[in-house]
Amino acid sequence: MNWNFNEMIQLFANAEGRRMLKGGNIGLELESQRITGDGKLALTPHPAAFGSKTKNPFITTDFSESQIEMITPVFQTAEEVYASLDAIRYEVERGIGNELLWPLSMPPRLPDEELIPVARFDDTEEGREKEEYRNGLAKRYGKKMQMISGIHYNFSFNEELIDFLYEKTGKGKDRNDFTNELYFTLTRNFLRYRWLLIYLFGASPSCDATYYSVIQKELAIVRRCCSCCRDRIGDYTRYSTSLRVSRFGYANEIQGKNSILFDSLEEYTAKIRKLMAMNMLQKESEFYSPIRLKQNLKKGETQLSALTDRGVKYVEVRILDLDPFERLGVSLHQLLFIQVFLLYCLMEDNRNITTGELMKINNNHHLTALFGRNKDLHLQDYDGGTVLLRIAGERIFEGLGRIAGQLDMGTGDHRYLRCVEAERRKLSDPALLPSERAFTEMIENKDGFRKFGIRRSLSNSMKEEIDYGYTKLRRA
């Protein structure tokens, strides 16, 4: 199947088409470290109030015993999923006592590596498997890197929209194969344009001194291997948007080295199996792609077996930082914008990715993560040459604006268009970026990363006053 943006958006130009575009299913997974009042990692066990980590569907842990993971059910609107996350966070804050939730993706003040507590689970086959996997990650990457937190945005199209597109463009294909192609089209374009989300929503421009050992190790790799960054790498301290998704955080280079091009389900699953057979991955969940293709699991299944048997059910967006200026780490505005962005990725030309283009795609990711707040930053143009980040962004926003306008048509509230226009202003005014706001506040208050994090933790907390024995901290 072949299409371009203009053809696709015209398919949804009437009221019925606009209704289908608004449909979909959204779920969130949000990680956050528990901390003490002085900004140090909490070394206490996962609170008993939350019950078993393997049985509570809403509150569990990720890598570390201190790393709370909040999981919403799946909803059909951004408003519903946002309200659900709010309710879950309220329960978390009640359950952690005098501790706080760290508001940043980069970790709080960490103890020595050996003292960082890997998550512990029940003495069952499932629990032992989870602990073994986490201990394997600690050996491969070090515990400090695994302490980075973020948000995963899970999204699927509703079946009505898939049926509609199948009728219009399926041309006799198997419906399941057609559905897979839709999700792989979205995924390829997400990879091409993900740098824009890193620019707009990156919120981890700095880190605590206890993370510097990871930075120094990765700096040596960048200078040796990363041609697009090595000559300017020192500028990251002033211009970074997201250390979390840069080479200093979760930036798995396996994809680039092994050319997973997301051409098809067969290519995707075969190459991940190959990486596992080569012992480059323990499990498919160790493939740290910016976006992953998923299927709902039945008992005893792995993601690869589920994808092979039943195809793609949803995508998992994995490059979103916690926003320290939002109580929940994410805003409703941001959720609505990402919905528009994913529709844009579906509607854009559905051409395959070449190996040469993949290199440019990954370079643009790293350039934006490390130097995105530099007004003179040029990205690699996929049609050749380079292009100013602002100009490349304007090209994408033309399409985003058309989709938002269509979604808002006839509603009278223009909520999607307001979100898109608010984000568009960040192209010409970097002071609006959460990464710039965080960096500026640290500089102006002269108090650095840790105190900024404590201040935002208190501001975002529902607790009016917290007594830590040595001092009382009041919510800002």
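Reader: Which residues line the largest cavity nearest its centre?

Author: R89, W102, P103, R327 and G329 lie nearest the centre, out of 13 lining residues. Keep in mind that this is a predicted model.

Reader: What makes a residue count as part of that lining?

Author: Having an atom within 4 Å of a cavity point. For the largest cavity, 13 residues make the cut, and the space inside comes to about 70 Å³.

Reader: How do the lining residues of the largest cavity divide by character?

Author: Six are nonpolar, three polar and four charged. Arg counts as charged, so R89 and R327 go in that class. Trp and Pro count as nonpolar, so W102 and P103 go there. Gly is put with the polar ones, so that's where G329 ends up.

Reader: How many cavities of 30 Å³ or more does a search of the whole structure find?

Author: Two. The second largest has a volume of about 30 Å³. Its lining is made up of L197, I198, F201, G202, I319, L320 and D321.

Reader: Which element gives the most to the lining of the second largest cavity?

Author: That's α7, with three residues. Helix α7 covers 175-201 and strand β7 covers 314-320, and each supplies at least two residues of this lining. By character, the lining splits into five nonpolar, one polar and one charged. Gly counts as polar and Asp as charged, so G202 is the polar one and D321 the charged one.

Reader: What makes β6 and β7 a pair?

Author: The cut-off is at least two bridges between the strands. Four bridges join β6 to β7, so they count as paired. The two strands run antiparallel, and L293 stands opposite V315 in β7.

Reader: Which way do the residues of strand β6 point?

Author: I291 and L293 point one way, R292 and K294 the other. That's the usual pattern, because side chains in a regular strand alternate between the two faces of the sheet. In β6, residues on both sides are buried, meaning under 20% relative accessible area.

Reader: Why is N279 called exposed?

Author: Exposed means over 50%, and N279 has 55% relative accessibility, so it qualifies. N279 is in the loop between α11 and β6, with phi near 65°, a positive value in a residue other than glycine. Most residues other than glycine have a negative phi.

Reader: Why is H414 called partly exposed?

Author: Its relative accessible area is 42%, which falls between the 20% and 50% cut-offs, so "partly exposed" is the label. H414 is in the loop between α15 and α16, and its phi is positive too, near 55°.

Conventions. Residues numbered from 1 in each chain as written. Predicted model: local features only at pLDDT ≥ 70, side-chain atom pairs only at ≥ 80, totals over all residues. Heavy atoms only, no water. 1 Å grid on protein atoms, 1.4 Å probe; cavity = no way out; pocket = protein on both sides within 12 Å on 5 of 7 lines; lining within 4 Å. Points joined across faces, edges and corners; volume = space filled by probe spheres on them. Buried < 20%, exposed > 50% of the residue type's maximum accessible area, 1.4 Å probe, protein only.
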